[in-house]
Amino acid sequence: VAQSVPVTVTVTETDGTPIQDARVFIRESGGGTEILNALTNASGVASTTFSNATPQAIEGWVRKASSAPYYKQFTLGGSITSTGYTATALMASDE
């Protein structure tokens, strides 16, 4: 049964400071359909809704390497469930 559930990723430095303009990319596992491809806002959040059958296995990453400060890539994974998907990416400096 298809339903609409929230998909939210919060991106912060390891000390909890939000990171703006980090690229968040999530797709269905195995190279499937893109679910989220967005930059984080000033609060370090990128979000969308997923309107398909759950659970849905996902894969993805968070990157911030196009402008300083730079961060190492963070890998996302898991599943979108009937209640949605929420993750926090703790980014380590790459400078």
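**Pairs, strands and turns: how each label is earned**

Tutor: This structure holds one salt bridge. The model is predicted; local features need pLDDT of at least 70, side-chain atom pairs count only at pLDDT 80 or more, and totals for chains, interfaces and linings use all residues. Residues are numbered from 1 along each chain as its sequence is written, and side-chain values use heavy atoms, with hydrogens and water left out.

Student: What makes the pair Arg27 and Glu59 a salt bridge?

Tutor: The term needs a side-chain nitrogen of Lys or Arg within 4 Å of a carboxyl oxygen of Asp or Glu. Between Arg27 and Glu59 the N to O distance is 2.7 Å. That is within 4 Å, so the pair qualifies. The partners come from distant parts of the chain, 32 residues apart: Arg27 is in strand S2 (residues 23-28) and Glu59 in strand S5 (residues 56-64). A strand here is a DSSP run of E with at least two residues, numbered from the N terminus.

Student: Why can such side chains pair at all?

Tutor: Side chains of opposite charge can pair when their charged atoms come close.

Student: Why is Arg27 called partly exposed?

Tutor: Buried means under 20% relative accessible area, exposed means over 50%, and partly exposed is in between (1.4 Å probe, protein chains only). Arg27 has 30%, so it is partly exposed. Glu59, with 25%, also falls in between, so it gets that label too.

Student: How do you know that Lys64 has no salt bridge?

Tutor: Look at the nearest side chain of opposite charge, Asp21, which is 6.3 Å away. Lys and Arg count as positive, Asp and Glu as negative; His and the chain ends are not counted. The limit is within 4 Å, so 6.3 Å does not qualify. Lys64 lies in strand S5 and is buried.

Student: What does the side chain of Lys64 reach at 2.9 Å?

Tutor: The backbone oxygen of Ser67. The backbone oxygen of Pro69 lies 3.3 Å from a polar atom of the Lys64 side chain. A polar contact is a pair of N or O atoms within 3.5 Å; within protein, one must be able to donate a hydrogen and the other to accept it, and residues adjacent in sequence count only if both atoms are side-chain atoms. Both distances are within 3.5 Å, so both meet the distance limit.

Student: Which residues is Lys64 in contact with, leaving aside neighbours within four places in sequence?

Tutor: Among them are Ile19, Asp21, Tyr70 and Met91. Contact means heavy atoms within 4.5 Å.

Student: What is known about Asp21 itself?

Tutor: Asp21 lies in the loop between strand S1 (2-13) and S2. Its phi is positive, about 65°, although Asp21 is not a glycine. Its relative accessible area is 39%, so Asp21 is partly exposed.

Student: Which strands form the open sheet, and in what order?

Tutor: There are four strands, in the order S3-S2-S5-S6, with antiparallel pairing. S3 (34-39) and S6 (71-80) stand at the edges; each has a single partner strand, so one side of each has no neighbour in the sheet. The twist averages 10° from one strand to the next. Its angles run from 0 to 180 degrees between N-to-C directions, with axes fitted as lines to C-alpha atoms.

Student: How do you know that S2 and S5 pair?

Tutor: Pairing requires at least two DSSP bridges between two strands. S2 and S5 have six, so they pair, in the antiparallel sense. Ile26 stands opposite Gly60 in S5, and Val24 stands opposite Val62.

Student: What joins S2 to S3?

Tutor: Five bridges, so the requirement of at least two is met. Arg27 stands opposite Glu34 in S3. S2 and S3 form a hairpin with five residues between them, and Gly30 in the turn has a positive phi of about 85°.

Student: Why is Asn41 called partly exposed?

Tutor: Its relative accessible area is 38%, in between the two limits, so the label fits. Asn41 is in the loop between S3 and strand S4 (45-53). Its side chain reaches the backbone nitrogen of Ser43 at 2.9 Å.

Student: Which residues are joined by a cis peptide bond with omega of about 5°?

Tutor: Thr54 and Pro55. Pro55 lies in the loop between S4 and S5. Another cis peptide bond joins Ala68 and Pro69, with omega about -5°. Pro69 is in the loop between S5 and S6.
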